[in-house]
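User: I'd like a close look at just one part of this model, please. Take your time and walk me through it in one go.
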2 protein chains.
Amino acid sequence: MKPGHHHHTEDCRAVSEVLSRVGDKWTVLVVQYLGSGPMRFSELKRTIGGISQKMLTTTLRGLERDGFVTRTVFPTIPPRVDYQLTELGQELLTPVTALGEWARMNILRIREARERFDETVV
Amino acid sequence: MKPGHHHHTEDCRAVSEVLSRVGDKWTVLVVQYLGSGPMRFSELKRTIGGISQKMLTTTLRGLERDGFVTRTVFPTIPPRVDYQLTELGQELLTPVTALGEWARMNILRIREARERFDETVV
DNA sequence: CGGGATCCTTGAAGATACTG
DNA sequence: CAGTATCTTCAAGGATCCCG
């Protein structure tokens, strides 16, 4: 057993754990939008577009559970609920945005590779 | 329609596209291991541990399709297949590693937040 | 308005067996 | 050794209805 490999694997699992949280269908979008400031439920739903209220609820609950957002309920009628990034959420934004930048800059190369691969294989 | 919001959303979709590629169960692990140099199929399977050969094949095919790894077949008996990161794959490693660093450093805060949340809710 | 509860459809993932 | 083929399981995601 080579030294370091144990922690190498463990770290990778931690990465996977965070990535599978962040890498689902909607989390990044939600976090990015909340990066501009607090938003309420319906505002998020409308702005994102294409997300069901169930998935938005689920996503927000997950983010709340992991300490990335806070949920504030205003006991008015009709009710109003604000979501806002915590410090941890803000900090997450940094590496995620970096990956986002990379994605923006290289998405074309990826799509080209895909087309090439699909042509060759099919 | 506020200016910039269209591209904001489009960029987020690109991020999601890359993240859902990178954020699946095994991709990061595979890419990280290949970061140290080319490896053959069985070597990856053994090193990662817990991955089925079907999932390893699927993951590697996906990475190959998107231009992140190359697949080299040696026509020997028994056959030997090497996988190796492309330039694009190497470059991907940078932001992914950054996110990994962040994950390593903050995984405890996340787990703590989870425990707190689960206690409060249950 | 902001959800909860329910049902349903996919696709991801794993187990197993076989093959060039 | 490095896969392919097949079957099964399971959870993510979506649609719909209801409620305080």
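How many residues surround DNA strand D, and which are the closest?

Analyst: Keep in mind that this is a predicted model. In it, 18 residues surround DNA strand D. The closest come from both protein chains: K25(A) and K54(A) on one side of the list, and S42(B), R71(B) and Y83(B) on the other. As for what they meet on the DNA, sugar and phosphate make up 64% of the strand D atoms that come within 4 Å of the protein.

Now for some individual contacts. From chain A, W26(A) puts a polar side-chain atom 3.3 Å from a phosphate oxygen of DNA strand D. From chain B, the side chain of R61(B) has an N or O atom 3.4 Å from a phosphate oxygen of that strand. Q53(B) goes for a base instead: a polar atom of its side chain sits 3.2 Å from a base oxygen of DNA strand D.

If you want to trace this surface by element, helix 4 of chain A gives two or more residues, and so do helix 3 (41-48), helix 4 and strand 3 (80-85) of chain B. Sorted by class, the surface near DNA strand D holds 8 nonpolar, 4 polar and 6 charged residues.

It helps to put DNA strand C next to that. There are 18 residues around strand C, and S42(A), R71(A), Y83(A), K25(B) and K54(B) come nearest. Of the strand C atoms within 4 Å of the protein, 67% belong to sugar or phosphate, with the rest in bases. Here R71(A) has a polar side-chain atom 2.4 Å from a phosphate oxygen, and for Y83(A) the distance from a side-chain N or O atom to a phosphate oxygen is 2.5 Å. W26(B) also reaches the backbone of strand C, with a polar side-chain atom 3.2 Å from a phosphate oxygen. The class split near strand C is 8 nonpolar, 4 polar and 6 charged residues.

Since both chains turn up around strand D, a word on how they meet each other. In chain A, 49 residues are in contact with 49 residues of chain B. Together the two chains bury about 4700 Å², 66% of it on carbon and sulfur atoms. There are 6 salt bridges between them; one pairs R114(B) with D66(A), at 2.6 Å from N to O. On the chain A side, helix 1 (5-22), helix 2 (27-34), helix 4 and helix 5 (87-121) each give two or more residues, and helix 5 gives the most, with 20. So helix 4 of chain A appears on both surfaces, giving two or more residues to the one near strand D and to the one touching chain B.

Conventions:
Residues are numbered from 1 along each chain as its sequence is written. Chains are lettered from A and ligands numbered from 1 in the order in which they are written. This is a predicted model: local features need pLDDT of at least 70, side-chain atom pairs count only at pLDDT 80 or more; totals for chains, interfaces and linings use all residues. Side-chain values use heavy atoms; hydrogens and water are left out. A residue is near a molecule or strand if one of its heavy atoms lies within 4 Å of it. A polar contact is a pair of N or O atoms within 3.5 Å; within protein, one must be able to donate a hydrogen and the other to accept it, and residues adjacent in sequence count only if both atoms are side-chain atoms. Ala, Val, Leu, Ile, Met, Phe, Trp, Tyr, Cys and Pro count as nonpolar, Asp, Glu, Lys and Arg as charged, and the others, Gly among them, as polar. Helices (H or I, at least four residues) and strands (E, at least two) are DSSP runs, numbered from the N terminus. Contact means heavy atoms within 4.5 Å. Buried area is the accessible area (1.4 Å probe) that two parts lose on being put together, summed over both. A salt bridge is a side-chain nitrogen of Lys or Arg within 4 Å of a carboxyl oxygen of Asp or Glu.
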